[in-house]
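Here is a brisk tour of one protein chain. It takes backbone geometry, one helix and the charged pairs in turn.

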Amino acid sequence: MNYSDKINPVVREMKPSGIRKFFDVAAKMPDVISLGVGEPDFVTPWGIRDAAIKSLQRGYTQYTGNRGLGELTQEIALYLASRFGATYDPASELLVTVGASEALDVAMRTLTRPGDEVLIPDPSFVSYAPCVALCGATPVPVVCSADNGFKLTVAALEAAVTPKTRVVILPFPNNPTGAVMHRADLEPICRWIVEHDLTVISDEIYAELTYGGKHVSAAALPGMRERTVLVSGFSKAFAMTGWRLGYAAAPKPFTDAMLKIHQYTIMCAPSASQYAGLAALRIGREDGYAAVADMREKYDLRRRFLVAEFNDMGLDCFEPEGAFYVFPCVKRCGMDGETFANELLAAKHVAVVPGEAFGASGRDYVRCSYATGMRDLETAVGRIREFVAEVRNH
């Protein structure tokens with residue numbers, strides 16, 4: 001059988017995730033330190049795990065409502081309003097999903113049509129462009145530069161917009177760069193979006209991991225709530241990656257449409273995960289999100305350590321203000337990010353991700369996650385320093 005002929009051409013031509021490629025290779029090598037996958041090294045706090053265990057002991061193993069547990073959507077609404085000033089009706093404007101990934105997918109399928117164009121800051125998370133392509137739309141990169149901290153600008157958007165443009169993705173804090181858009185950065189972007197009557201998918205999964213200032217939600221800015229799908233989840237802030245729990249917040253017409261897709265493809269998020277998420281938000285509300293703050297403080301120490309080390313070894317590395325990644329430029333080593341990552345892995349058993357996995361603008365960079373312990377980070381930095389010295393002296 002000619003299997004190639006049987007597979008959707010869009011899927012057939014789609015490249016595998018550049019992140020997973022290096023993770024899979026590294027997993028087969030001894031003594032590898034992986035700075036590749038963006039997953040917290042912390043275990044989900046006990047109170048959250050205990051709530052899930054108790055839900056199972058009580059026999060709460062049935063389907064929940066399609067939108068999610070009513071108690072959970074109420075807590076999500078309280079959380080978004082109190083933390084970021086984004087207000088939503090828990091009964092009609094929230095949808096609990098299987099991770100933020102499902103929220104992104106259903107939002108994209110709801111807001112785009114075949115032939116549309118979607119503006120995506122470049123570099124950005126690897127899933128955006130494939131999700132757009134699967135909808136029959138066209139992903140259009142919007143170049144972001146290290147010169148201004150990888151922030152999105154009106155000038156860059158203006159250079160990319162066409163009559164076919166329908167959606168803008170706002171992925172801040174950004175993966176892989178760690179870039180953050182402050183209010184003064186976002187306001188002109190939002191005015192431009194309103195003027196062009198576009199819709200927005202605002203991926204705010206790293207909102208709690210913002211250093212030196214509070215996260216600003218695009219959905220809370222003037223004129224934006226009515227045209228924005230806010231996507232987030234529990235994976236990063238609460239160290240709950242394996243629980244696969246996310247959500248989308250948007251005006252009712254959007255969530256009603258997304259709910260149809262969710263009903264037919266997923267039905268509901270896992271019940272135990274939803275009870276865990278409920279506990280995460282309730283415990284956080286009661287203790288001022290102490291566990292989140294503690295993890296953020298540890299990330300912050302690692303962040304400053306890596307930025308200083310990379311700059312000291314001559315690899316230009318701007319200081320990220322969010323997420324848990326640094327994005328050093330390896331051009332001074334006389335190689336692009338793909339070559340650097342491959343040779344570093346082979347020579348020193350340290351796994352990093354080539355920047356080009358996140359878009360063409362990342363060609364001369366590599367992404368290093370600091371969601372790992374300081375001991376491993378120190379060892380990895382020592383190996384990278386040796387590698388850089390050897391390459392330059394070759």
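P173 is found in the loop between β5 and α9. The peptide bond that joins F172 to P173 is cis, with omega about -5°. All of this describes a predicted model, not an experimental one.

A cis bond also leads from D122 into P123, with omega near 10°. P123 sits in the loop between β3 and α7.

**Positive phi values**

D31 is not a glycine, yet its phi is positive, about 60°. Its place is the loop between α3 (18-27) and β1 (33-34). D31 counts as exposed, at 55% relative accessibility. The cut-off for exposed is over 50%.

Y289 is not a glycine either, and it has a positive phi of about 55°. Y289 belongs to the loop between α11 and α12. Is Y289 buried or exposed? At 7% relative accessibility, Y289 counts as buried. D197, just after α9, takes a positive phi of about 55° as well.

**Helix α9**

Does the length of α9 fit its residue count, and what span should 13 residues give? Helix α9 covers residues 183-195, and at 1.5 Å a residue it should span 18 Å. The expected span is 1.5 Å times one less than the number of residues. The end C-alpha atoms of α9 are 18 Å apart, which agrees.

Which residues of α9 are buried? They are L186, I189, C190, W192 and I193. These buried residues cover an arc of only 160° around the axis, so they lie on the same side of α9. The face turned away from that buried side carries the exposed residues A184 and E195. The buried residues pack against two strands named β3 (117-122) and β5 (165-170), and also against α8 (154-160) and β6 (199-203).

**Salt bridges**

Side chains of opposite charge can pair when their charged atoms come close. The structure holds 30 salt bridges. Three of them are set out below.

| Pair | N to O distance |
|---|---|
| E13 and R12 | 3.3 Å |
| R303 and D300 | 2.6 Å |
| E309 and R385 | 2.6 Å |

E13 is exposed, at 58% relative accessibility. Its partner R12 is partly exposed, at 35%.

R303 and D300 are three residues apart in helix α12 (residues 290-312), so about one helical turn separates them. R303 is buried, with a relative accessible area of 5%.

The side chains of E309 and R385 also meet in a salt bridge. E309 lies in helix α12 and R385 in helix α14 (residues 374-393), so the pair ties together parts that are 76 residues apart in sequence. E309 is partly exposed, with a relative accessible area of 21%. R385 is partly exposed too, at 30% relative accessibility.

Salt bridges also form a network, which links E71, E75, R282 and R285.

**Two buried residues and their contacts**

Q274 lies in helix α11 (residues 271-287). How is Q274 classed, buried or exposed? Q274 counts as buried, at 0% relative accessibility. Buried requires under 20%. Beyond its neighbours within four places in sequence, Q274 is in contact with T64, G68, L69, L72, V96, L245 and A269.

C135 is placed in the loop between α7 (128-134) and β4 (138-143). Its relative accessible area is 12%, and C135 is therefore buried. Which residues does C135 contact, leaving aside its neighbours within four places in sequence? They are M108, R109, T112, R113 and P114. N2 is 133 residues from C135 along the chain, and their C-alpha atoms are separated by 25 Å.

**A nonpolar surface patch**

M1, Y3, I7, V10, V11 and L134 make a nonpolar surface patch of about 620 Å². M1 is in the segment before α1 (3-6). With a relative accessible area of 73%, M1 is exposed.

Methods: Residues are numbered from 1 along each chain as its sequence is written. This is a predicted model: local features need pLDDT of at least 70, side-chain atom pairs count only at pLDDT 80 or more; totals for chains, interfaces and linings use all residues. Side-chain values use heavy atoms; hydrogens and water are left out. Helices (H or I, at least four residues) and strands (E, at least two) are DSSP runs, numbered from the N terminus. Buried means under 20% relative accessible area, exposed over 50%, partly exposed in between (1.4 Å probe, protein chains only). The arc is that of the directions from the helix axis to the C-beta atoms. Contact means heavy atoms within 4.5 Å. Patches are made of residues with over 30% relative accessible area and no salt bridge: like charges are joined within 9 Å, nonpolar side chains (Val, Leu, Ile, Met, Phe, Trp, Tyr) within 5 Å. Accessible areas come from the Shrake-Rupley method with a 1.4 Å probe; for residues, only the protein chains shown count as cover. A salt bridge is a side-chain nitrogen of Lys or Arg within 4 Å of a carboxyl oxygen of Asp or Glu.
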